[in-house]
Amino acid sequence: MWDAIEDTPADAQTMKLRSALMMALDRHIRAKEWTQGEAARRLGVTEPRVTDLLRGKIDLFPLDDLVALLAAAGLRVEVRVSDAA
């Protein structure tokens with residue numbers, strides 16, 4: 001999907017990564033059954049920031065912010081690089 005939306009292959013890859021990280025964080029918050037207030041406290045952000053995350057506002061979350069949020073949630077991010085096919 002991102003390949004069709006973004007202007008360059010690099011932008012598409014960045015959006016794919018951001019999307020995957022956001023979805024992982026969303027799943028974690030829901031699995032833990034955290035309220036938005038509890039998630040905000042645990043992640044060190046405001047409730048509106050958690051709301052933006054859970055609503056999928058991807059344009060508001062750069063990669064470094066998402067990695068920091070995942071770490072704050074107690075999750076580890078691993079990166080794998082492969083040849084483009």
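In this predicted model, Arg-30 and Asp-26 form a salt bridge whose closest N and O atoms lie 2.7 Å apart, a salt bridge being a side-chain nitrogen of Lys or Arg within 4 Å of a carboxyl oxygen of Asp or Glu. The two residues stand four places apart in helix α2 and are thus separated by about one helical turn, where helices are DSSP runs (H or I, at least four residues) and strands likewise (E, at least two), numbered from the N terminus. Arg-30 is exposed at a relative accessible area of 52%, whereas Asp-26 is buried at 15%; buried means under 20% relative accessible area, exposed over 50%, and partly exposed in between, with a 1.4 Å probe and protein chains only.

Because this is a predicted model, local features need pLDDT of at least 70 and side-chain atom pairs count only at pLDDT 80 or more, while totals for chains, interfaces and linings use all residues. Residues are numbered from 1 along each chain as its sequence is written, and side-chain values use heavy atoms, with hydrogens and water left out.

The structure holds five salt bridges, among them the three tabulated here.

| Salt bridge | N to O distance | Relative accessible areas |
|---|---|---|
| Arg-30 and Asp-26 | 2.7 Å | Arg-30 52%, Asp-26 15% |
| Glu-38 and Arg-42 | 3.0 Å | Glu-38 23%, Arg-42 40% |
| Asp-52 and Lys-57 | 3.7 Å | Asp-52 18%, Lys-57 34% |

Glu-38 and Arg-42 are four residues apart in helix α3, a separation of about one helical turn. An α-helix has 3.6 residues a turn, so residues three or four places apart point the same way.

On the interior side of α3, Ala-39, Ala-40 and Leu-43 are buried, and they cover an arc of only 100 degrees around the axis, which puts them on the same side of α3; the arc is that of the directions from the helix axis to the C-beta atoms. The buried residues of α3 pack against α2, α4 and α5, contact meaning heavy atoms within 4.5 Å. In α5 the buried residues are Leu-66, Leu-69 and Leu-70, and they fall within an arc of 100 degrees, so they line one face of the helix. These residues of α5 pack against α2, α3 and α4. Each of the two helices is followed by a glycine with positive phi: Gly-44 after α3, near 75 degrees, and Gly-74 after α5, near 90 degrees.

The largest nonpolar core (buried Ala, Val, Leu, Ile, Met, Phe, Trp, Tyr and Cys residues joined through side-chain atoms within 4.5 Å) has 18 residues, and those with the most contacts inside it are Met-22, Leu-25, Ile-29, Leu-53, Phe-61 and Leu-66. Two or more residues come from each of α2, α3, α4 and α5, with α2 giving the largest share, five residues. Leaving aside residues up to four places away in sequence, Met-22 touches Leu-53, Gly-56, Lys-57, Ile-58, Phe-61 and Leu-66.

Turning to the loops, Glu-33 lies between α2 (9-32) and α3 (36-43), is exposed at 68% relative accessible area, and has a positive phi near 60 degrees although it is not glycine. Pro-62 sits in the loop between α4 (47-54) and α5 (63-72) and is partly exposed at 33%.

UniProt, in an unreviewed entry, lists residues 24-80 as "domain: HTH cro/C1-type"; its positions are given in the numbering used here, feature names are shortened, and annotations may be inferred rather than shown by experiment. Over residues 24-80 the chain is 61% helix and 0% strand, with the end C-alpha atoms 16 Å apart.
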